[in-house]
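The paragraphs below lead through one protein model, beginning with its cysteines and moving on to its helices and aromatic rings. Please keep the sequence and the structure in view while reading.

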Amino acid sequence: GRINAERPGAALAGQDRTGQGRQRSRRGRRALARQRRLQPIAPPRPSSAKMLLLLLGIIVLHVAVLVLLFVSTIVSQWLTSSVRTTDLWQNCTIGSSVSDVFHCATSSPNEWLQYVQAMMILSIIFSVLSLFLFFCQLFTLTKGGRFYLTGIFQILAGLCVMSGAAIFTVRHGDWHSPSENLSYGFTYILAWVALPLALISGVIYVILRKRE
């Protein structure tokens, strides 16, 4: 009789403990849910900000290359002296008097010079196409894609500059006699500066991956 009386009491005690445990677990889940609601919204990932800065830097570098190419192709300062300046398109000379103005004539129609002109124009065209393709691929490439086409055009622009500037360096002596004492002007130097910058930006495009 005792055994039968003790068993129902033990069963009731076990049920009470189980109910209390369930209530505690429910309270804990509610408290956890409240904490999650009260937590502030996480700020944007730093990686997205870094990606924006990287894209901005790439665009600035590309625009700088374009400016260098335009200036070196247009401005008449490839060869200079006290009385003469020469570029790919014209030769300008000044008289002995201070009041004299520059008189410009078309540059020599040598084949090598025409080749240099073509290389510099092609470098500008390739670089402009590369920048245009970069913006197109920025919105059309899938996640993880690389900007191969953009990089190839930019590298081609750098190779064109290298070819044109190298040929000019070797053959510019055909224009003038050593007694004229001509020296390289700042636009000639800018053309050589544009070469490594174009190649560097082209390589960056090739290794760059698009992220969401």
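In this predicted model, a search of the whole structure for disulfides returns 0. A disulfide is a covalent bond between the sulfur atoms of two cysteines. Two cysteines may be looked at individually: Cys136 has a relative accessible area of 33% and is therefore partly exposed, whereas Cys160, at 8%, falls under the 20% limit and so counts as buried.

The wider setting can be described briefly. The protein contains 5 helices and 5 strands, and, read from the N terminus, its elements follow the order α-α-β-β-β-β-α-α-β-α. Of its 212 residues, 31% are buried, and its accessible surface amounts to about 13700 Å², with 64% of that area belonging to carbon and sulfur atoms. Among the contacts with a separation of 6 or more, 70% are made by residues 24 or more positions apart.

Cys160 is one of the buried residues of helix H4, an element that covers residues 148-171. With its 24 residues, H4 reaches 35 Å from its first C-alpha to its last, which is close to the 34 Å expected at 1.5 Å a residue. The buried residues of this helix also include Thr150, Gly151, Gln154, Ala157, Gly158, Val161, Gly164, Ala165 and Phe168. An α-helix has 3.6 residues a turn, so residues three or four places apart point the same way.

Phe168 leads from the helix to the aromatic rings. Which kinds of geometry do the rings around this residue adopt? A pair of aromatic rings is described by the distance of the centres and the angle of the planes. The whole structure holds 10 aromatic pairs. In one of them, the ring centres of Phe168 and Tyr188 lie 6.0 Å apart and their planes meet at 40 degrees, so this pair is tilted. The pair links distant parts of the chain, since Phe168 belongs to helix H4 and Tyr188 to helix H5 (residues 186-207), with their positions 20 residues apart. Both Phe168 and Tyr188 are buried, the latter with a relative accessible area of 8%.

Tyr188 also pairs with Tyr184, and here the arrangement is stacked, with 4.1 Å from centre to centre and 10 degrees between the planes. Tyr184, however, has a relative accessibility of 35% and therefore counts as partly exposed. These three residues belong to a cluster in which ring pairs link Trp78, Trp112, Phe168, Tyr184, Tyr188 and Trp192.

Definitions and conventions
Residues are numbered from 1 along each chain as its sequence is written. This is a predicted model: local features need pLDDT of at least 70, side-chain atom pairs count only at pLDDT 80 or more; totals for chains, interfaces and linings use all residues. Side-chain values use heavy atoms; hydrogens and water are left out. Helices (H or I, at least four residues) and strands (E, at least two) are DSSP runs, numbered from the N terminus. The expected span of a helix is 1.5 Å times one less than its number of residues. Buried means under 20% relative accessible area, exposed over 50%, partly exposed in between (1.4 Å probe, protein chains only). Rings of Phe, Tyr and Trp (its six-membered ring) pair if their centres lie within 6.5 Å; planes under 30 degrees apart count as stacked, over 60 as edge-to-face and the rest as tilted. Contact means heavy atoms within 4.5 Å. Accessible areas come from the Shrake-Rupley method with a 1.4 Å probe; for residues, only the protein chains shown count as cover. A disulfide is a pair of cysteine sulfur atoms within 2.5 Å.
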